[in-house]
Amino acid sequence: QMSSGKFSFELNEETTRGQAGLGIALHDAWTGHRQDPKSLSGGETFYAALSLALGLADVVRGEAGGSALETLFIDEGFGSLDQDSLYHVLDQLDHLRAGHRVIGVISHVTEMKESISDRIEVRRGADSTSTVTRSG
């Protein structure tokens, strides 16, 4: 959903032989070909990583006897998205929030502040101290 159907993940059997970790390739529905994740742009890499994190949260729920992983924190990456992708990701996060998940976002992107009403802002003062305010 993050890529509007362009990408889907698939197990890459070739890369899992003889190396640690999970070999993952992307299937590009637009070209019909497998694509190496290293070839993604910064924004594509961000929403691929976000999609994996959300998918893993669902796997944790399924493997842990229904224990829900309802909170997820995302630290940055939003600045690498073009405006259309940013709004699409924000829509997906709103959809998850509507499903009773808590998604914490750490970002400096102005559009994020404008679109998220419930937030905690940390501001650095001139004397190097910080103030915390809550909105929403």
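Let's start with the overall build: the chain has 4 helices and 7 strands. Keep in mind as you look around that this is a predicted model. Walking from the N terminus, you meet the elements in the order β-α-β-β-α-β-α-β-α-β-β. The chain counts 136 residues, and buried residues make up 27% of them. Its accessible surface comes to about 9,200 Å², with 52% of that belonging to carbon and sulfur atoms. As for how the chain folds back on itself, take the contacts between residues at least 6 apart in sequence: 47% of these join residues at least 24 apart.

Now turn to the N-terminal part. Here you'll find an open sheet of 3 strands, in the order S1-S2-S3, with antiparallel pairing. S1 and S3 stand at the edges with a single partner strand each, so one side of each has no neighbour in the sheet. Ignoring direction, neighbouring strands of this sheet are turned against each other by 40 degrees on average. What holds such strands side by side? Strands of a sheet pair through backbone hydrogen bonds, and they can do so in a parallel or an antiparallel way.

Let's go through the pairings one by one. S1 covers residues 7-11 and S2 covers residues 24-28, and 5 bridges link the two in the antiparallel sense. If you want to trace the register on screen, find Phe9, whose bridge partner in S2 is Leu26. Then step along to Glu10, which has Ala25 as its bridge partner in S2. The antiparallel pairing of S2 with S3 (residues 33-35) rests on 3 bridges. There, His27 stands opposite Arg34 in S3. The hairpin of S2 and S3 has 4 residues between the strands, and in it Gly32 takes a positive phi near 80 degrees.

While you're in S2, have a look at Asp28, which lies in that strand. Is this acidic side chain's residue buried or exposed? Asp28 counts as buried, because its relative accessibility is 5%, and the cut-off for buried is under 20%. Leaving aside residues up to four places away in sequence, Asp28 touches Lys6, Phe7, His33 and Gln35.

Next, move along to strand S4, which spans residues 71-75 and contains Ile74. With a relative accessibility of 7%, Ile74 is another residue that counts as buried. Which residues does Ile74 touch, not counting those up to four places away in sequence? They are Phe46, Leu50, Leu93, Ile103, Gly104, Val105 and Ile106. You can also check the spacing to Ala53: this residue is 21 residues from Ile74 along the chain, and their C-alpha atoms are separated by 9.3 Å.

Finally, head for the hairpin of S6 and S7. S6 (residues 119-124) and S7 (residues 130-135) run antiparallel, joined by 6 bridges. Arg119 stands opposite Ser135 in S7, and Ile120 stands opposite Arg134 in S7. Between the two strands of this hairpin are 5 residues, and Ser128 takes a positive phi there.

Why pause on that serine? Most residues other than glycine have a negative phi. Ser128 is not a glycine, yet its phi is positive, at about 70 degrees. You'll find Ser128 in the loop between S6 and S7. Ser128 is partly exposed, with a relative accessible area of 49%.

The same hairpin brings us to the surface. Val122 is found in strand S6, and its relative accessible area is 58%, so Val122 is exposed. Which residues form a nonpolar patch on the surface with Val122? Ile120 and Val132 do, and the three together have about 320 Å² of accessible area. That makes a nice contrast to end on: Ile74 in S4 counts as buried, whereas Val122 in S6 is exposed.

Conventions. Residues are numbered from 1 along each chain as its sequence is written. Side-chain values use heavy atoms; hydrogens and water are left out. Two strands pair if DSSP finds at least two bridges between them. Buried means under 20% relative accessible area, exposed over 50%, partly exposed in between (1.4 Å probe, protein chains only). Contact means heavy atoms within 4.5 Å. Patches are made of residues with over 30% relative accessible area and no salt bridge: like charges are joined within 9 Å, nonpolar side chains (Val, Leu, Ile, Met, Phe, Trp, Tyr) within 5 Å. Accessible areas come from the Shrake-Rupley method with a 1.4 Å probe; for residues, only the protein chains shown count as cover. A salt bridge is a side-chain nitrogen of Lys or Arg within 4 Å of a carboxyl oxygen of Asp or Glu. Axes are lines fitted to C-alpha atoms, for helices over the stretch in contact, and angles run from 0 to 180 degrees between N-to-C directions.
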